Amino acid sequence: MTLKDPSEIDTMTDLRAQIDALDAKLIRLLALRQRHIDRAAEIKPAAGLPARIDERVESVVAKVTAHAEAEGFEPQTAAAMWRLMIEAMIAREERAMSKRTS
């Protein structure tokens, strides 16, 4: 589906279809991001790194907030969404890393 600018969409049906398509694209990207996190859980133990690296968390949130602001997305919302996702991914890493050491 070729995405249109929202101003070019005249009906709720078409608008909802495009939102659904965007959601599907976001999920594909988030799944790819998750696979990167899974790989990090494989690499970190050999590098002597923990799942949680607070400096990295803050760096990621700062970058996302800046990108959000540049793209016209509410920075506070982006930061909150990313913090929630990061916490879930750290928990995922910790589970994976603990299985490797058991």
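This briefing walks through the salt bridges and a nonpolar surface patch of the structure above. Please keep in mind that the model is predicted. A search of the whole structure turns up six salt bridges, and three of them are described here, including two that share Arg52. After those come a surface patch that includes Met1 and a look at Leu32 in helix α1.

**A salt bridge within helix α1**

- Let's begin with Arg39 and Glu42, whose side chains meet in a salt bridge with an N to O distance of 2.7 Å.
- How far apart are Arg39 and Glu42 in helix α1? They are three residues apart, so about one helical turn separates them.
- Arg39 counts as partly exposed, at 44% relative accessibility.
- Glu42 is also partly exposed, with a relative accessible area of 38%.

**A network around Arg52**

- Arg52 pairs with Glu87 in a salt bridge, at 2.6 Å from N to O.
- This pair links distant parts of the chain: Arg52 belongs to the loop between α1 and α2 (54-71), while Glu87 sits in helix α3 (residues 75-101), 35 residues apart.
- Arg52 forms a salt bridge with Asp54 as well, and here the closest N and O atoms are 3.9 Å apart.
- That distance still counts because a salt bridge is defined by a side-chain nitrogen of Lys or Arg within 4 Å of a carboxyl oxygen of Asp or Glu.
- Are the members of this group buried or exposed? Arg52 is partly exposed, with a relative accessible area of 32%; Asp54 is partly exposed at 45% relative accessibility; and Glu87 is partly exposed at 37%.
- Through salt bridges that share partners, Arg52, Asp54 and Glu87 are joined into one network.
- As background, side chains of opposite charge can pair when their charged atoms come close.

**A nonpolar patch on the surface**

- Which residues make the nonpolar surface patch of about 280 Å²? Met1, Leu3 and Leu22 do.
- Met1 lies in the segment before α1 (12-47).
- Met1 is exposed, its relative accessible area being 62%.

**Leu32 in helix α1**

- Leu32 is a residue of helix α1, and it is partly exposed, with a relative accessible area of 36%.
- If you would like a distance to check on screen, try Leu32 and Leu84: these two are 52 residues apart along the chain, and 17 Å separates their C-alpha atoms.

Note on methods: Residues numbered from 1 in each chain as written. Predicted model: local features only at pLDDT ≥ 70, side-chain atom pairs only at ≥ 80, totals over all residues. Heavy atoms only, no water. Patch = residues over 30% accessible without salt bridge, like charges linked within 9 Å, V, L, I, M, F, W, Y side chains within 5 Å. Areas by Shrake-Rupley, 256 points an atom, 1.4 Å probe, with all protein chains shown as cover. Helix = DSSP H or I, 4+ residues; strand = E, 2+ residues; numbered from the N terminus. Buried < 20%, exposed > 50% of the residue type's maximum accessible area, 1.4 Å probe, protein only.
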